[in-house]
Amino acid sequence: TQRLVQSGGASVQTGGSLTLSCTVSEWNYNSAVMAWFRQTPGKEREGVAAIYTAGETTWYADSVKGRVTISHDKAKQTVYLQMVNLKPEDTASYYCAARFGAINVNDVLVWDAYDYWGQGTQVTVSL
């Protein structure tokens, strides 16, 4: 059984929009930091966005500010990554992550700071 289940990956054209979803199993979701990462072959993995489910604080990578919104639905225990004005450089495998223990603000976009990771989903942006 998957603890983090992702959906929403697709192939879209430049300028399009896409929303990714990550549903979390019965953990302490109400007090957790959820994040999205992406990985492109040949490039270092990048933290895209993160959200604190209790305080609703969000963080974004400079590369996606203005084009990406992270949000969540408490009742559904699901975190979303809304992306607009997609560019070819957004092409990557996207992974959600969850941290239920203590985490430093400086680590919210760091892969190894998290406890669990989703299986990943592919986003491809073409002309």
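## Ground rules and overall fold

Strands here are DSSP runs of E with at least two residues, numbered from the N terminus. With that in hand, Pro41 can be placed in the loop between strand 4 (33–39) and strand 5 (46–52). Keep in mind throughout that this is a predicted model.

As for the whole chain, the protein has zero helices and 11 strands. Read from the N terminus, the order of elements is simply β-β-β-β-β-β-β-β-β-β-β. The radius of gyration is 14 Å, close to the 14 Å that the globule rule gives for 127 residues, so the protein is as compact as a globular protein of that length. If you want a box for it, the C-alpha atoms fill roughly 40 × 30 × 25 Å along the principal axes.

## Packing, surface and charge

Of the 127 residues, 40% count as buried. Take the contacts with a separation of 6 or more: 57% of them come from residues 24 or more positions apart.

On the outside, the accessible surface is about 6,500 Å², and carbon and sulfur atoms own 46% of that. The protein has 10 positive and 11 negative charges, and the mean positions of the two sets are 3 Å apart.

## Gln6: a buried side chain with two backbone partners

Gln6 sits in strand 1 (residues 4–7). Its relative accessibility is 14%, and the cut-off for buried is under 20%, so Gln6 counts as buried.

What does the Gln6 side chain reach? One partner is the backbone nitrogen of Cys96, at 3.1 Å. Another is the backbone nitrogen of Gly120, at 3.0 Å. Setting aside neighbours within four places in sequence, Gln6 also has contacts that include Ser21, Cys22, Trp36, Tyr94 and Thr121.

## Arg38: buried, with acidic company

Arg38 belongs to strand 4. Is this arginine buried or exposed? Arg38 is buried, with a relative accessible area of 8%.

Its side chain makes a polar contact with the side chain of Glu46 at 2.9 Å. The Arg38 side chain also has a polar contact with the side chain of Asp90, again listed at 2.9 Å. Beyond the residues within four places in sequence, the contact list of Arg38 has Arg45, Glu46, Val48, Ser63, Val64, Glu89, Asp90, Ala92, Ser93 and Tyr94. Tyr94 turns up in the contacts of Gln6 and in those of Arg38, which is handy if you are tracing the two neighbourhoods on screen.

## Pro41: out in the open

Back to the loop between strand 4 and strand 5, where Pro41 lies. Pro41 has a relative accessible area of 78%, and exposed starts over 50%, so Pro41 is exposed. Its C-alpha atom is separated by 19 Å from that of Ala61, and the two residues are 20 apart along the chain.

## Two loop residues with positive phi

Most residues other than glycine have a negative phi. Which way does phi go at Glu56? Glu56 has a positive phi of about 65°, although it is not a glycine. Glu56 is in the loop between strand 5 and strand 6 (58–60), and it is partly exposed at a relative accessible area of 43%.

Asn85 is another case: phi is near 45°, a positive value in a residue other than glycine. Asn85 lies in the loop between strand 8 (78–83) and strand 9 (92–99). With a relative accessible area of 42%, Asn85 counts as partly exposed.

Conventions
Residues are numbered from 1 along each chain as its sequence is written. This is a predicted model: local features need pLDDT of at least 70, side-chain atom pairs count only at pLDDT 80 or more; totals for chains, interfaces and linings use all residues. Side-chain values use heavy atoms; hydrogens and water are left out. Helices (H or I, at least four residues) and strands (E, at least two) are DSSP runs, numbered from the N terminus. The radius of gyration is taken over C-alpha atoms; the globule rule is 2.2 Å times the number of residues to the power 0.38. Buried means under 20% relative accessible area, exposed over 50%, partly exposed in between (1.4 Å probe, protein chains only). Contact means heavy atoms within 4.5 Å. Accessible areas come from the Shrake-Rupley method with a 1.4 Å probe; for residues, only the protein chains shown count as cover. Lys and Arg count as positive and Asp and Glu as negative; His and the chain ends are not counted. The place of a charge is taken as NZ of Lys, CZ of Arg, CG of Asp or CD of Glu. A polar contact is a pair of N or O atoms within 3.5 Å; within protein, one must be able to donate a hydrogen and the other to accept it, and residues adjacent in sequence count only if both atoms are side-chain atoms.
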